[in-house]
Amino acid sequence: MKKLKLQQFTEHCFAFTGAVNIGYCKKDGKGLLVDTGIDESSIKKVLKIIKQNALPLDYCIITHAHADHFGGAAYLKKNTHIPLYATALESAIMENPILEPIYLFNGASPIEELRNKFLEGPKVLVEHDLKIGENTIGPFEMEALDLSGHSYAQTGLLIEDILYAADGYFGREALNKHVIPFIIDADKTLSSLEKLLHIQCKGAVPGHGPFEENFQASVRENKKVHMENLHSLYQLIGSKENGETVETLTKEMLTLHNLEVQTLGQWLLFRTSITAYLASLQREKRIRFIVRDNEPRVVAD
Ligand SMILES: [Zn+2]
C-alpha cells in the first residue's frame with residue numbers, strides 16, 4: 001500500500017497522493033477536497049495531515065460514485081459537517097449505494113458477497129449539485145468537465161491550472177494492472193479521453209497514478225488500450241460463425257489477456273466493460289445482439 005502524502009503542484013493546488021489520489025485546494029483561508037478515498041481509514045489519514053498542518057477544510061467534491069472515491073465521505077461528513085458536491089446521477093448512487101451491486105448483478109437483488117466495501121460504499125447525502133461547466137464554490141472557481149464513460153456522470157475538475165482527472169484516465173501502472181479498465185460506455189470513454197487531450201494546463205493528477213505535466217502521453221495510452229480491446233473483441237466475434245454469448249466473450253477476453261479472476265465481483269466488473277465495448281460495436285453496426293435457442297448472443301453483422 002502506497003503511503004499517503006501531501007504533494008503541492010501550484011500555489012493553491014495539491015493532492016494527497018497514494019493508492020487513490022485525493023485532490024486538495026487551498027485559497028483565501030478555505031479548503032476544498034476532491035474525493036475521499038475508499039473508507040474511514042483513508043479519510044482519517046487525510047484529516048490527520050490537514051490537522052497537523054493547520055490546513056482549512058470547507059467543501060468536498062466527489063467526482064463519481066465508485067466506492068474507492070466516495071467510501072470515506074460518510075465519515076468525513078459526520079466528523080466535519082462540510083457540504084458535499086457531485087453531479088446528480090452520481091449523487092443518486094451515493095445516496096443509494098446498493099445501486100452498484102444491483103446493476104452489476106443484472107438488476108436482481110444482489111447476493112451478500114457483492115455487498116462489500118469495494119462495490120458498495122457507505123450511504124451519504126450529497127446536498128449540492130455540481131453542474132458541468134463553470135462552478136464557483138467559495139473562493140474556488142473551476143470548470144467541471146463531463147468525463148462520463150468510466151461511470152455514468154463522472155466529472156473531472158480543472159481548478160486554476162491543474163486538472164483533477166478522477167478516473168477519466170489511469171496512470172500507466174494502474175492501466176497495466178487493469179488491462180481491461182472498468183467502463184460503462186466505450187464511446188463516451190473515448191470521447192472523454194479525446195477531450196482530455198485538448199486541455200491546456202500545467203498538469204493533471206488522475207485518481208490512480210502520478211501527477212504528470214505531460215499527461216497527454218498517458219491519455220493516449222488509455223485510448224490505445226480501449227481501441228485494442230474493441231479490436232480484439234471484434235476479431236473474436238468475427239471468428240465464430242454463430243456468434244457468441246457475452247459470458248463466453250468475457251471469459252475469452254480474460255484468457256487472452258492472461259487475467260485470472262478470483263471473485264464474482266471482479267468478474268462482473270469485467271463483464272460490464274465487455275458489454276460496454278459490445279454496445280459500441282453495435283452502434284457502429286458491426287455486430288448485432290440476438291437471442292438464439294433461448295440464449296442471448298452477439299453476431300458479426
Ligand atoms: Zn472509478
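Which strands does helix H1 lie across, and at what angle to S2 does H1 run?

## Helix H1 and the sheet

In this predicted model, helix H1 spans residues 40-52 and lies across four strands: S1, S2 (13-17), S3 (22-27) and S4. The helix runs at about 135° to S2.

These strands belong to an open sheet of seven, ordered S1-S2-S3-S4-S5-S6-S7, with mixed pairing. Strands S1 (5-8) and S7 (128-129) stand at the edges. Each of these two has a single partner strand, so one side of S1 and one side of S7 have no neighbour in the sheet.

## The S4-S5 pair

Strands of a sheet pair through backbone hydrogen bonds, in either a parallel or an antiparallel sense. Strand S4 (residues 30-34) and strand S5 (residues 59-61) run parallel and are joined by three bridges. Within this pair, Leu33 stands opposite Cys60 of S5.

## Cysteines

How many disulfides does the model contain? With a disulfide taken as two cysteine sulfur atoms within 2.5 Å, the count is zero. For Cys13, the closest cysteine sulfur belongs to Cys25 at 4.0 Å, which is too far for a bond. Cys201 is in no disulfide either: its nearest cysteine sulfur is that of Cys13, 9.9 Å away.

Are Cys13 and Cys201 buried or exposed? Cys13 is buried, because its relative accessible area is 0%, under the 20% limit. Cys201 has a relative accessibility of 17% and therefore also counts as buried.

Key
Residues are numbered from 1 along each chain as its sequence is written. This is a predicted model: local features need pLDDT of at least 70, side-chain atom pairs count only at pLDDT 80 or more; totals for chains, interfaces and linings use all residues. Side-chain values use heavy atoms; hydrogens and water are left out. Buried means under 20% relative accessible area, exposed over 50%, partly exposed in between (1.4 Å probe, protein chains only). Two strands pair if DSSP finds at least two bridges between them. Contact means heavy atoms within 4.5 Å. Axes are lines fitted to C-alpha atoms, for helices over the stretch in contact, and angles run from 0 to 180 degrees between N-to-C directions.
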